[in-house]
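Grab a coffee and let's work through a few exercises on a protein and its ligand. Each task comes with a solution in small steps.

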Amino acid sequence: MGFETVEDVLNQLESAQYIASDEMATVVFLALATQKPVLVEGPAGVGKTQLAKAVALCLNRRLIRLQCYEGLDEAKALYEWEYAKQLLYTQMVKDRINSVIKDAPSLAKAVEKIAAQEDAFFSDRFIQPRPLLKAILSPDPVVLLIDEVDKSDPEFEAFLLELLSDFSVTIPEIGTRKPVTIPLVFLTSNNYRDMSDALKRRCIHLYIDYPPPEREMEIVRTRVPGIEKKLLERLVKVMHRIRDMDLKKKPCISETIDWARALAALEVKDLTPRTVDQTLNLVLKYQSDLILIRQHIAELLTACPGPEPC
Ligand SMILES: Nc1ncnc2c1ncn2[C@@H]1O[C@H](COP(=O)(O)OP(=O)(O)O)[C@@H](O)[C@H]1O
Ligand SMILES: [Mg+2]
């Protein structure tokens, strides 16, 4: 299971309902061929997360996702010791433990004797693998999505960089675990903060911007197949104009899809000032943006003429 050519990537992604550009498909192809991680940057809602999901679907690989946030640490991302289970086992083998230490002449000697048995309690049995460890211990290669890495702290990013260099993990009590399989890694960033140069060097870089109108139309068509061509054309044109305006939050692809769905459900044949006004709350999520665009509806529609002038 894989991709034969860049063209093949494009076609397979399309059958997974993901409309990629040539650049995106080339990056995916090369990432797989070179086993390099991909760092996908771009504004919210342009399809960064979805790209990793669609690639996993095409490759028939499991997707393991690590959602990043401020304060995320190695324990949550890599592995945790199962303290409760360790405690339970200790309780259950209490008699055995007592027999180990019963001849110890002092407390210090008793501790020493227990320490000699430590391996029994710090073994794979008591490790709870988190997404990163799961990904490299998986017998079948997975797609590992490290989502919104820019939300994590720089220390976590440094740790990731180390992990991505050879995918081996050192667990102090047990030793180094080599990867069973190498995952195809996607890291995404909305640019809340800049990623380090070292991380950028390690990855193939892909910037996804809002799609050009033709591609956005294709994307909407995959999700709202019944939509009239002329209505879709006009809708996407208006959307692009809206994105050029000075908004608090620019509408993204999911908003175009939602808008198209709503217009289709309302059986709207063309955009009119009234239909736009009625449905604009699906496109804009801030009251100040809504107020601004409501003042410009007529202008927007004149700038993007429809099938029949309204
Ligand atoms: N190229 C694309 N092809 C198909 N659908 C897309 C594409 N890009 C974005 N989408 C749609 O937009 C939605 C938002 O994309 P998402 O991956 O969550 O954005 P991001 O991770 O960049 O914030 C997806 O659920 C998907 O429906
Ligand atoms: Mg995302």
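**Exercise 1.** Is R65 buried, partly exposed or exposed, going by its relative accessible area? Then work out what its salt bridge joins.

*Solution.* Keep in mind that this is a predicted model.
- Start with R65: its relative accessible area is 38%. Buried means under 20% and exposed over 50%, so R65 comes out as partly exposed.
- Next, find the partner: R65 forms a salt bridge with D147, with the closest N and O atoms 2.8 Å apart.
- Now place both ends. R65 sits in strand β2 (residues 63-67) and D147 in strand β5 (residues 143-147), so the bridge ties together parts 82 residues apart in sequence.
- Finally, check D147: at 0% relative accessibility, D147 counts as buried.

**Exercise 2.** Work out which parts the salt bridge between D270 and R234 ties together.

*Solution.*
- The closest N and O atoms of D270 and R234 are 3.0 Å apart.
- D270 lies in the loop between α13 and α14 (273-279), while R234 belongs to helix α12 (residues 229-244), so the pair links parts 36 residues apart in sequence.
- D270 is buried at 14% relative accessible area, and R234 counts as buried at 3%.

**Exercise 3.** Describe the surroundings of ligand 1.

*Solution.*
- Count first: 17 residues surround ligand 1.
- Sort them: eight are nonpolar, six polar and three charged.
- Look for backbone contacts: a polar backbone atom of Q50 is 2.8 Å from an oxygen atom of ligand 1.
- Then the area: ligand 1 alone exposes 560 Å², and the protein buries 86% of that.

Key: Residues numbered from 1 in each chain as written. Chains lettered and ligands numbered in written order. Predicted model: local features only at pLDDT ≥ 70, side-chain atom pairs only at ≥ 80, totals over all residues. Heavy atoms only, no water. Near = heavy atom within 4 Å. Polar contact = N/O pair within 3.5 Å; in protein donor to acceptor, adjacent residues only side chain to side chain. Areas by Shrake-Rupley, 256 points an atom, 1.4 Å probe, with all protein chains shown as cover. Nonpolar A, V, L, I, M, F, W, Y, C, P; charged D, E, K, R; others polar. Salt bridge = Lys/Arg side-chain N within 4 Å of Asp/Glu carboxyl O. Helix = DSSP H or I, 4+ residues; strand = E, 2+ residues; numbered from the N terminus. Buried < 20%, exposed > 50% of the residue type's maximum accessible area, 1.4 Å probe, protein only.
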